[in-house]
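Trainee: I'd like a close look at one part of this model, the first helix and whatever surrounds it. Could you walk me through it in one go?

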Amino acid sequence: MMPLSTQPETGDDQYVLVASLDNVRNLSNILKAIHFKDHATCFATTNGIKVTVENAKCLQANAFIQAGIFQEFIVQEESVMFRINLAVLLDCLTIFGTNSLPGTSTALRMCYHGYGYPLTLFLEEGGVVTVCKINTEEPEETLDFDFCSTNVVNKIILQSEGLREAFAELDMTSEVLQITMSPDKPYFRLSTFGNAGSAHLDYPKDSDLMEAFHCNQTQTNRYKISCSNLSLRH
(Lines give C-alpha, C1' and ligand atoms only; values in the text may rest on other atoms or scores of the structure.)
Protein backbone atom coordinates (compact mmCIF):
# COMPACT_ATOMS: atom_id res chain seq x y z
CA MET A 1 0.00 0.00 0.00
CA MET A 2 1.13 3.56 -0.70
CA PRO A 3 1.53 5.88 2.28
CA LEU A 4 -1.24 8.40 2.88
CA SER A 5 0.83 11.25 1.50
CA THR A 6 0.95 9.53 -1.89
CA GLN A 7 -2.57 8.13 -2.02
CA PRO A 8 -4.15 9.27 -5.30
CA GLU A 9 -6.73 11.96 -4.70
CA THR A 10 -8.48 14.36 -7.00
CA GLY A 11 -6.71 17.34 -5.44
CA ASP A 12 -6.76 19.05 -2.06
CA ASP A 13 -8.30 22.20 -3.56
CA GLN A 14 -11.67 20.43 -3.60
CA TYR A 15 -11.63 20.22 0.20
CA VAL A 16 -12.26 23.12 2.59
CA LEU A 17 -10.37 21.27 5.34
CA VAL A 18 -7.40 18.88 5.16
CA ALA A 19 -5.44 17.73 8.21
CA SER A 20 -2.82 14.99 8.50
CA LEU A 21 -1.12 13.33 11.47
CA ASP A 22 1.66 10.75 11.55
CA ASN A 23 0.23 9.34 14.78
CA VAL A 24 -3.44 9.64 15.67
CA ARG A 25 -3.06 8.52 19.30
CA ASN A 26 -2.73 11.98 20.88
CA LEU A 27 -5.74 13.30 18.97
CA SER A 28 -7.78 10.30 20.07
CA ASN A 29 -6.79 10.79 23.73
CA ILE A 30 -7.67 14.50 23.63
CA LEU A 31 -11.11 13.80 22.20
CA LYS A 32 -11.77 11.02 24.71
CA ALA A 33 -11.28 13.54 27.51
CA ILE A 34 -14.31 15.58 26.37
CA HIS A 35 -16.48 12.66 25.28
CA PHE A 36 -19.31 12.97 27.81
CA LYS A 37 -21.89 13.54 25.06
CA ASP A 38 -22.09 11.78 21.71
CA HIS A 39 -22.18 14.89 19.52
CA ALA A 40 -19.58 17.63 19.14
CA THR A 41 -19.23 20.83 17.16
CA CYS A 42 -15.99 21.24 15.18
CA PHE A 43 -14.70 24.71 14.31
CA ALA A 44 -11.61 25.03 12.14
CA THR A 45 -9.57 28.10 11.21
CA THR A 46 -5.98 28.54 10.07
CA ASN A 47 -5.02 28.46 13.78
CA GLY A 48 -6.28 24.91 14.25
CA ILE A 49 -9.39 22.97 15.23
CA LYS A 50 -11.63 23.48 18.26
CA VAL A 51 -13.95 20.63 19.23
CA THR A 52 -16.78 21.60 21.61
CA VAL A 53 -19.09 19.35 23.62
CA GLU A 54 -21.97 20.72 25.69
CA ASN A 55 -24.44 19.33 28.20
CA ALA A 56 -27.83 20.96 28.80
CA LYS A 57 -26.45 24.43 27.98
CA CYS A 58 -24.78 24.59 31.40
CA LEU A 59 -21.52 22.73 30.84
CA GLN A 60 -19.02 23.07 28.02
CA ALA A 61 -15.76 21.26 27.28
CA ASN A 62 -13.35 22.37 24.56
CA ALA A 63 -10.41 20.60 22.97
CA PHE A 64 -7.99 22.82 21.02
CA ILE A 65 -5.71 21.17 18.47
CA GLN A 66 -3.29 23.77 17.13
CA ALA A 67 -2.41 23.81 13.45
CA GLY A 68 1.25 23.19 14.28
CA ILE A 69 0.39 19.77 15.73
CA PHE A 70 -0.52 18.52 12.25
CA GLN A 71 2.03 17.55 9.61
CA GLU A 72 -0.37 19.01 7.03
CA PHE A 73 -3.11 21.52 7.76
CA ILE A 74 -5.13 23.37 5.12
CA VAL A 75 -8.25 25.50 5.62
CA GLN A 76 -9.55 26.99 2.38
CA GLU A 77 -12.20 29.24 3.99
CA GLU A 78 -12.09 31.80 6.79
CA SER A 79 -13.70 29.21 9.05
CA VAL A 80 -15.17 25.73 8.70
CA MET A 81 -17.85 24.49 11.09
CA PHE A 82 -19.84 21.26 11.37
CA ARG A 83 -21.40 18.94 13.93
CA ILE A 84 -20.38 15.31 14.16
CA ASN A 85 -21.03 12.18 16.20
CA LEU A 86 -18.00 12.11 18.49
CA ALA A 87 -18.53 8.48 19.49
CA VAL A 88 -18.38 7.39 15.84
CA LEU A 89 -15.32 9.58 15.22
CA LEU A 90 -13.47 7.99 18.14
CA ASP A 91 -14.40 4.51 16.94
CA CYS A 92 -12.94 5.34 13.54
CA LEU A 93 -9.74 6.81 14.97
CA THR A 94 -9.14 3.59 16.91
CA ILE A 95 -10.23 1.24 14.13
CA PHE A 96 -6.84 -0.50 14.24
CA GLY A 97 -7.10 -0.89 18.01
CA THR A 98 -5.92 1.25 20.91
CA ASN A 99 -2.61 -0.59 21.37
CA SER A 100 -0.39 -0.51 18.30
CA LEU A 101 2.40 -3.00 17.81
CA PRO A 102 5.88 -1.78 18.86
CA GLY A 103 7.33 0.51 16.23
CA THR A 104 3.99 1.08 14.49
CA SER A 105 1.45 3.89 14.65
CA THR A 106 -1.78 4.85 12.93
CA ALA A 107 -1.47 7.76 10.47
CA LEU A 108 -4.47 9.96 9.69
CA ARG A 109 -5.51 12.14 6.78
CA MET A 110 -8.79 13.96 7.43
CA CYS A 111 -10.67 15.70 4.62
CA TYR A 112 -13.91 17.70 4.54
CA HIS A 113 -15.51 18.84 1.29
CA GLY A 114 -17.87 21.37 2.86
CA TYR A 115 -21.45 21.85 4.02
CA GLY A 116 -23.59 18.75 3.57
CA TYR A 117 -20.65 16.43 2.88
CA PRO A 118 -19.26 13.73 5.19
CA LEU A 119 -15.96 13.96 7.03
CA THR A 120 -13.59 11.51 5.33
CA LEU A 121 -10.82 9.80 7.29
CA PHE A 122 -7.95 7.93 5.67
CA LEU A 123 -6.24 5.78 8.31
CA GLU A 124 -3.09 3.78 7.67
CA GLU A 125 -1.18 1.34 9.83
CA GLY A 126 1.42 -1.16 8.67
CA GLY A 127 0.63 -0.52 5.00
CA VAL A 128 -3.11 -1.13 5.44
CA VAL A 129 -5.37 1.82 4.58
CA THR A 130 -8.96 2.15 5.81
CA VAL A 131 -11.33 4.89 4.61
CA CYS A 132 -14.13 6.05 6.91
CA LYS A 133 -16.85 8.53 6.00
CA ILE A 134 -18.83 10.12 8.84
CA ASN A 135 -22.00 12.10 8.17
CA THR A 136 -21.86 15.68 9.36
CA GLU A 137 -24.78 17.72 10.68
CA GLU A 138 -25.91 21.31 10.89
CA PRO A 139 -23.84 22.92 13.67
CA GLU A 140 -25.77 24.17 16.69
CA GLU A 141 -25.06 27.46 18.40
CA THR A 142 -22.67 26.93 21.31
CA LEU A 143 -22.48 28.79 24.59
CA ASP A 144 -20.30 31.88 24.72
CA PHE A 145 -18.96 32.20 28.26
CA ASP A 146 -17.24 35.46 27.28
CA PHE A 147 -14.21 35.09 29.54
CA CYS A 148 -12.91 38.58 28.85
CA SER A 149 -9.50 38.96 30.48
CA THR A 150 -10.26 42.51 31.62
CA ASN A 151 -13.21 41.27 33.71
CA VAL A 152 -11.42 38.42 35.46
CA VAL A 153 -11.38 39.00 39.23
CA ASN A 154 -9.63 35.80 40.29
CA LYS A 155 -7.51 33.36 38.30
CA ILE A 156 -5.94 30.16 39.60
CA ILE A 157 -4.06 27.60 37.51
CA LEU A 158 -3.49 24.22 39.12
CA GLN A 159 -1.69 21.04 38.16
CA SER A 160 -4.30 18.69 36.72
CA GLU A 161 -2.99 15.53 38.36
CA GLY A 162 -2.89 17.16 41.79
CA LEU A 163 -6.42 18.45 41.35
CA ARG A 164 -7.54 14.96 40.32
CA GLU A 165 -6.16 13.59 43.58
CA ALA A 166 -7.98 16.32 45.48
CA PHE A 167 -11.26 15.44 43.79
CA ALA A 168 -10.76 11.80 44.77
CA GLU A 169 -10.91 12.86 48.43
CA LEU A 170 -14.23 14.68 48.08
CA ASP A 171 -17.48 13.33 49.52
CA MET A 172 -19.40 12.29 46.41
CA THR A 173 -22.66 12.01 48.37
CA SER A 174 -22.74 15.81 48.22
CA GLU A 175 -24.91 17.30 45.48
CA VAL A 176 -22.69 20.36 45.11
CA LEU A 177 -19.03 21.28 45.04
CA GLN A 178 -18.29 24.66 46.58
CA ILE A 179 -15.15 26.46 45.43
CA THR A 180 -13.73 29.38 47.39
CA MET A 181 -10.96 31.62 46.08
CA SER A 182 -9.53 34.37 48.24
CA PRO A 183 -6.46 36.64 48.46
CA ASP A 184 -6.33 35.65 52.16
CA LYS A 185 -6.79 32.34 53.97
CA PRO A 186 -8.08 29.80 53.00
CA TYR A 187 -6.83 30.98 49.55
CA PHE A 188 -8.25 27.99 47.66
CA ARG A 189 -10.88 25.73 49.24
CA LEU A 190 -12.95 22.82 47.95
CA SER A 191 -16.03 22.05 50.06
CA THR A 192 -18.67 19.33 50.01
CA PHE A 193 -21.83 18.82 52.06
CA GLY A 194 -22.63 15.11 52.05
CA ASN A 195 -24.18 12.46 54.27
CA ALA A 196 -21.21 12.56 56.66
CA GLY A 197 -21.40 16.34 57.05
CA SER A 198 -19.30 19.18 55.67
CA ALA A 199 -15.78 18.59 54.41
CA HIS A 200 -13.16 21.13 53.31
CA LEU A 201 -9.87 20.82 51.47
CA ASP A 202 -7.66 23.90 51.75
CA TYR A 203 -4.63 24.72 49.62
CA PRO A 204 -2.27 27.64 50.35
CA LYS A 205 -1.27 29.91 47.51
CA ASP A 206 2.31 28.60 47.65
CA SER A 207 1.17 24.96 47.40
CA ASP A 208 3.00 22.72 44.94
CA LEU A 209 -0.41 22.28 43.30
CA MET A 210 -0.48 25.95 42.26
CA GLU A 211 0.96 27.00 38.91
CA ALA A 212 -0.47 30.53 39.17
CA PHE A 213 -2.44 32.37 41.87
CA HIS A 214 -4.01 35.76 41.14
CA CYS A 215 -6.86 36.68 43.50
CA ASN A 216 -8.22 40.18 44.11
CA GLN A 217 -11.29 39.39 46.17
CA THR A 218 -13.03 36.52 47.95
CA GLN A 219 -15.41 34.52 45.78
CA THR A 220 -17.50 31.48 46.64
CA ASN A 221 -19.44 29.56 44.01
CA ARG A 222 -21.32 26.28 43.97
CA TYR A 223 -21.51 23.78 41.11
CA LYS A 224 -23.26 20.46 40.63
CA ILE A 225 -20.73 17.84 41.64
CA SER A 226 -21.94 15.58 38.82
CA CYS A 227 -20.73 18.23 36.34
CA SER A 228 -17.44 18.69 38.14
CA ASN A 229 -16.75 14.95 37.91
CA LEU A 230 -16.62 15.21 34.12
CA SER A 231 -13.35 17.11 34.43
CA LEU A 232 -11.74 13.93 35.75
CA ARG A 233 -12.05 12.12 32.45
CA HIS A 234 -8.84 11.11 30.62
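Mentor: Let's start with helix H1, which runs over residues 25-33 in this predicted model. Leu-27, Ser-28 and Leu-31 are its buried residues. They sit on the same side of H1, because the arc they cover around the axis is only 100 degrees. What do the buried residues of H1 pack against? The list has four strands and a helix: strand S1 (17-21), strand S3 (48-55), strand S4 (59-66), strand S7 (107-112) and helix H2 (86-93).

Take S1 from that list, and zoom in on Ser-20, which lies in this strand. Ser-20 is buried, since its relative accessible area is 11%, and the cut-off for buried is under 20%. Its side chain isn't left without a polar partner: a polar contact of 2.7 Å links it to the side chain of Glu-72. Leaving aside residues up to four places away in sequence, Ser-20 touches Glu-72 along with Phe-70, Gln-71, Leu-108 and Arg-109.

Now for the sheet that S1 belongs to. This is an open sheet of five strands, in the order S5-S1-S7-S8-S9, and the pairing is antiparallel. Strand S5 (72-75) and strand S9 (128-134) are the edge strands, each pairing on one side only. From one strand to the next, the twist averages 10 degrees. As for what holds such an arrangement together, strands of a sheet pair through backbone hydrogen bonds, either parallel or antiparallel.

Within the sheet, have a look at S7 and its neighbour S8 (residues 119-125): they pair in the antiparallel sense over six bridges. If you want a register point to check in your viewer, Met-110 has Leu-121 in S8 as its bridge partner. H2 comes back in here, packing on the sheet and touching S7, S8 and S9. The direction of H2 makes about 25 degrees with that of S8. So H2 turns up twice, as it is also among the elements that the buried residues of H1 pack against.

One more pair of strands, further along the chain, is handy to set beside S7 and S8. Strand S13 (residues 188-194) and strand S14 (residues 197-203) also pair in the antiparallel sense, over seven bridges. S13 and S14 form a hairpin, with two residues between them. For the register there, look for Thr-192, which stands opposite Ala-199 in S14.

Methods. Residues are numbered from 1 along each chain as its sequence is written. This is a predicted model: local features need pLDDT of at least 70, side-chain atom pairs count only at pLDDT 80 or more; totals for chains, interfaces and linings use all residues. Side-chain values use heavy atoms; hydrogens and water are left out. Buried means under 20% relative accessible area, exposed over 50%, partly exposed in between (1.4 Å probe, protein chains only). The arc is that of the directions from the helix axis to the C-beta atoms. Contact means heavy atoms within 4.5 Å. Two strands pair if DSSP finds at least two bridges between them. A polar contact is a pair of N or O atoms within 3.5 Å; within protein, one must be able to donate a hydrogen and the other to accept it, and residues adjacent in sequence count only if both atoms are side-chain atoms. Axes are lines fitted to C-alpha atoms, for helices over the stretch in contact, and angles run from 0 to 180 degrees between N-to-C directions.
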